Amino acid sequence: MSTVTDSTPDAMTPDSMTPDSMTPDSMTPVCAVEAIPLEGGVAALVGGAAVAVFRTYDGSVFAIGNVDPFSGASVLSRGIVGNRGDAPVVSSPMYKQAFDLRTGQCLDDDSVRVPAYAVSVVDGVVHVGGVT
Amino acid sequence: MATGKRQRIVVVGHGMVGHRFAQAAVERGLTETHDLLVFGEEPREAYDRVALTSWFGQGSDALSLLPGGAYDDPRVRLVLDSVVTEVDRVAQTVTVVSPPSAVPDLLSNPGAVTVHEYDVLVLATGAAPFVPPVEGRGKDGCFVYRTIEDLEAIKAASESATSGVVIGGGLLGLEAANALVQLGLDTHVVEMAPRLMPVQLDGAAGSTLVRHIEKLGVKVHTGVLTEEIEGGEAVTGLRVRQAGTDEGAPTDVIETQVVVFSAGIRPRDALARECDLEVAPRGGVLVDEQCRSADPRIFAIGECAAPGGTMYGLVAPGYTMAEVVVDALLDGPGAFTGADMSTKLKLLGVDVASFGDAFATTDGALELTYSDAVAGVYKKLVVSEDGTRLLGGILVGDASAYGVLRPMVSSGMALPDNPEQLILPASSGVQIGMPDEAQVCSCNDVTKADILHALTDEACESVADVKQCTRAGSTCGSCVSTVKNIIEDHFASVGKVVDKGLCEHFRLTRQELFDVVAVHGYRRFDDIVEAHGTGRGCDICKPAIASILASQTSTHILEPVTAELQDTNDKYLGNIQRNGTYSVVPRIPGGEITPEKLIVIGEVARDFGLYTKITGGQRIDLFGARMEQLPVIWRRLVDAGFESGHAYGKSLRTVKSCVGSTWCRYGVQDSVGLAIALELRYRGLRSPHKLKGGVSGCARECAEARGKDFGVIATEKGWNLYVGGNGGATPAHARLLAGDLDTATLVAYLDRFLMYYIRTADRLQRTSTWIEQLEGGLDRVREVVVEDSLGLGAELEAEMARHVGGYEDEWRATLEDPAKLERFVSFVNAPGTPDPSIAFTTERDQIQPIAPALIPVGAPA
Ligand code: SRM
Ligand SMILES: Cc1cc2nc3c(=O)[nH]c(=O)nc-3n(C[C@H](O)[C@H](O)[C@H](O)COP(=O)(O)OP(=O)(O)OC[C@H]3O[C@@H](n4cnc5c(N)ncnc54)[C@H](O)[C@@H]3O)c2cc1C
Ligand code: SF4
Ligand code: FES
């Protein structure tokens, strides 16, 4: 399985990531892309917020809020990743609702949506930006 | 409803119908105003007489209709082993004779005669086999076939016999004959009429049936009279002569040591006769449509009753009568207006059904027949003169269309243009729609409409649900396949996908997937979904495949190929709690633990500030561990000799024990020792749903073993094995699979049972629902597991041996592998920072989670 790469924890302490420093083009590096299991997720702290970062089968990386709105627990990164129709989804580990990884929209309840974050991979390092 | 003083209903007879009456009285609230006092002559509570023959394989427990012998409602008193000998209609009392042990608290003069008052008397005394006045019928070796005691006696006699004869070739006689074959006797059936089952079958059907019965190894003698039973004190033979010949005509002798009379039944109406209640000319207490006799305080139901002068020798009309009387006592309008006398034979491997006007006695009725002598199939439909309605029919050799045809008769629905399609081969007739009012289950009077109602309004989804909710299929079982078709048709019609595919990614069932994985030797989800599915999976198919792979390979569940398929709990080897923390449950096999280990658990809980609780499964749960704490906590536990308790996986949980013979003064076997051995044997075994076991040291059953997927209860001779129990939302009592086993056989059967379940059950199907939905139910399980009819036994045992040999503690292995430990961090970019959303308060000196604030996003459902 993937190993943690040279992305040192020091470079990404939560303290250095205040909301003020978050502009659309200043994104926060969180980890090496291999640190995210294929079809799995990790949690990261970005500007004080818990963000769930996923890597799907084809290598695409997505980031949505980590807090499951149905239980309030910060756990979405631990859900099972898969697809529903065209949408890449994670299902909440708590009560199993599916969330579209691209938009944060809950597919089992139209009225519920979690934030989705901009994300990009630069030189093998995943960067998370602001809410899209 | 009556007001004032509580009324007492005395019920005479605790057979199938008396029991249904008590059940209905409780369910419909009659016991709010009435007390029930039920006397039963037999030494045990009511049992499923319809399934009597299965006693040979399963013993009495499995047949019981009231396991435990007492009703939950304390206003119903059941007194067994007691005979009502007299009814005094003026004093409104019954006289009862009981042996000393039956009713210690009820009788001040034990072993004697007591008198009890009634406000209402319900006679449910059933019927007795008719024994024709043949010379020699009292000799040793002559039996009837009605009670468990009869079968015990027949079994005992068969041990020293080589040959047996059944007198009577009707439905019951053939069943008895089959039993004699099973007991290893050279078996004959003697029938006076020119054909078997003369009441239900015509000549052609009868001769087709003979060929089937002879294949079972039974010699059939039709058109034959019994002259005399020969022998001294014990039977040695049966002297017979051709029917229609004169006395003195040449006779034959069939050598035999066992004779079973099955020449019809007679209502047990003696009590009524003796108190001058009117009986019907052919027997049976004469009652009206409310089942009320000439005395308004006395009712009769079941086989002892003759509503409108006719007695009914089937259980379904009896059940209807029981309901009608409860209704009458609640001032309801219920009436008994006759019953469907359709029959379907339940003999192993022989399909016979007869329904409606099978003999075409209706004016102008026409017959359509199909027969195939080679295949041994005969089918006849009786249709109305104008060809528009089905009146009745007979099916021999292939009764698959019975489920559709019989309701067509009772509902009077229009026949299709080409009715012969209904009986031609290849057509099972299922495509012909069935009207809503058609009765599907005759034993329990359940219509198609009732089943549809259960599906739409009671949220039933499966045969098991419908059984539970409507009782359809719970008695003789012959309607189960029709029930299944109705359920499938219904879901298809409302657009619910009935293909039993797992999810949008797989059209296969779990069982099919299991086989596909085994055949191809797949080890990776990717290969499976590419070859047999679509897309990238979901929270349904991924854990199911992870479980299948685990059952087949015993590799660690957190190996890279399967780690991301695991359900959340398996992914972190702990149960997620409402605030995102985890629980820690070390295995405590059989619930036995040393003081040292208890101290370790206490210390770990104290040092990490975990909430501690004794579980319902005889072990200790530590709650509130943050994900990143799990490895440190488990390091301490593993070092002290603990291992994962698999509280998280769909796998073996606990095998509960009682203290057993080591300490308990009643124990007859070492239940703790066996519980530990079983828990260690099956620990880590991945299965379709969680598995629980229990072992009790004697019949007092302190381990509640019959509430478990597998329960073992010690006997003087060994162990009884029960399967298919659970608590939870739909509790089920485990039923006896096999009795008096030695430990090695017990383990072999359990190995087979569990592996058979793992191979063939649906995802998230507990053993009880799995058994319910297996074609053949528990009998099927017994065939495969005990009788090894599929020859799979050795293979299933070998699979289990591979599991046992490949077991390793999941937590220990995880702690030893840095790659597996990587996932246990709070934040990938801040591993030292605990999740700030987790917080606790204190209650009763321990931590409790503070509900994390819900993010304001719309209105979560
Ligand atoms: C801890 C415990 C309650 C307790 O404090 O006593 C418990 C707790 C949970 N039970 Fe249970 N059950 C516990 C004993 C039982 C029992 C009693 C028993 O085992 O004797 C039953 C009824 C018996 C049975 O299962 O047949 C029981 C019937 C259920 C059910 C219903 C199962 C069913 O077939 O209907 C569920 C739901 C499920 O599994 O889908 C469930 C599910 C759960 C889950 C796993 C729910 C969840 O997913 O979070 C709970 C989490 C456990 C945890 O965090 O560690 N639990 N649960 C008990 C742990 C026993 C153990 O040592 O492993
Ligand atoms: C082998 C066999 C197979 C059968 N197969 C089928 C089938 O496939 N389909 C079907 O519909 N039916 C079948 N039947 C018939 C079915 O079992 C009966 O219709 C049903 O049991 C009738 O119920 P009951 O309560 O009226 O009588 P029972 O079940 O006989 O109960 C009467 C009870 O009353 C007790 N009793 C009698 N007198 C007294 C007294 N004075 N005091 C106290 N107790 C008393 C008796 O001991 C008995 O326990 C079968 C019967 C047998 C024997
Ligand atoms: S319902 Fe019972 S098992 Fe489930 S979480 Fe509540 S207390 Fe625990
Ligand atoms: S017809 Fe006997 S159980 Fe349904």
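The points below comment on a predicted model of two protein chains, A and B.

1. Confidence comes before detail. The model is predicted, and it scores ipTM 0.69 and pTM 0.57. For chain B the average pLDDT is 89, with 94% of the residues scoring at least 70. Two stretches of chain B fall below a pLDDT of 50: residues 102-108, which have 11 contacts in the model beyond near neighbours in sequence, and residues 855-861, for which the corresponding count is 15 contacts. Where pLDDT is low, the predicted coordinates should not be read in detail.

2. Chain A has 0 helices and 9 strands, and its elements, taken from the N terminus on, run β-β-β-β-β-β-β-β-β. This chain has 132 residues, of which 57% count as buried. Among its contacts with a separation of 6 or more, 40% are accounted for by residues 24 or more positions apart.

3. Chain B has 25 helices and 38 strands, and buried residues make up 54% of its 861 residues. Of the contacts in chain B between residues at least 6 apart in sequence, 62% join residues that are at least 24 apart.

4. Helix H7 of chain B covers residues 315-329 and spans 21 Å from its first C-alpha to its last, which is close to the 21 Å expected for its 15 residues at 1.5 Å a residue. Because 13 of the 15 residues of H7(B) are buried, this helix is largely enclosed by the rest of the structure. Asp331(B), which follows H7(B), has a positive phi, near 60 degrees.

5. Is Val604(B), a residue of helix H17, buried or exposed? Its relative accessibility is 0%, and because buried means under 20%, Val604(B) counts as buried. Helix H17 itself comprises residues 595-608 of chain B. Leaving aside residues up to four places away in sequence, Val604(B) touches Leu622(B), Ile633(B), Arg636(B) and Leu637(B). For one of these partners, Ile633(B), the separation from Val604(B) is 29 residues in sequence and 7.0 Å in space, C-alpha to C-alpha.

6. Enclosed space should be considered next, and rolling a probe the size of a water molecule over the atoms shows where empty space is left. The count comes to 4 cavities of 30 Å³ or more, and the largest cavity holds about 170 Å³ of space. It is lined by 14 residues, and those closest to its centre are Ser554(B), Thr555(B), Gly684(B), His803(B) and Glu810(B). Two helices of chain B, H14 (541-553) and H23 (793-806), are the elements that give two or more residues to this lining. By class, the lining of the largest cavity divides into 4 nonpolar, 7 polar and 3 charged residues.

7. Which residues are the closest to the centre of the second largest pocket? They are Asn575(B), Ala647(B), Arg653(B), Lys690(B) and Lys692(B), out of 36 residues that line this pocket, in which about 730 Å³ of space lies. Elements of chain B that each supply at least two lining residues are helix H16 (568-571) and the strands E28 (575-576), E30 (611-614), E31 (620-625) and E32 (652-657). The lining of this pocket has 14 charged and 14 polar residues, together with 8 nonpolar residues.

Note on methods
Residues are numbered from 1 along each chain as its sequence is written. Chains are lettered from A and ligands numbered from 1 in the order in which they are written. This is a predicted model: local features need pLDDT of at least 70, side-chain atom pairs count only at pLDDT 80 or more; totals for chains, interfaces and linings use all residues. Side-chain values use heavy atoms; hydrogens and water are left out. Helices (H or I, at least four residues) and strands (E, at least two) are DSSP runs, numbered from the N terminus. The expected span of a helix is 1.5 Å times one less than its number of residues. Buried means under 20% relative accessible area, exposed over 50%, partly exposed in between (1.4 Å probe, protein chains only). pLDDT is the predictor's confidence in each residue, from 0 to 100. Contact means heavy atoms within 4.5 Å. On a 1 Å grid over the protein atoms alone, a cavity is a set of points where a 1.4 Å probe fits but cannot get out, and a pocket is an open set with protein on both sides within 12 Å along at least five of seven lines; lining residues have an atom within 4 Å of a point. Grid points are joined across faces, edges and corners, and a volume is the space filled by probe spheres set on the points. Ala, Val, Leu, Ile, Met, Phe, Trp, Tyr, Cys and Pro count as nonpolar, Asp, Glu, Lys and Arg as charged, and the others, Gly among them, as polar.
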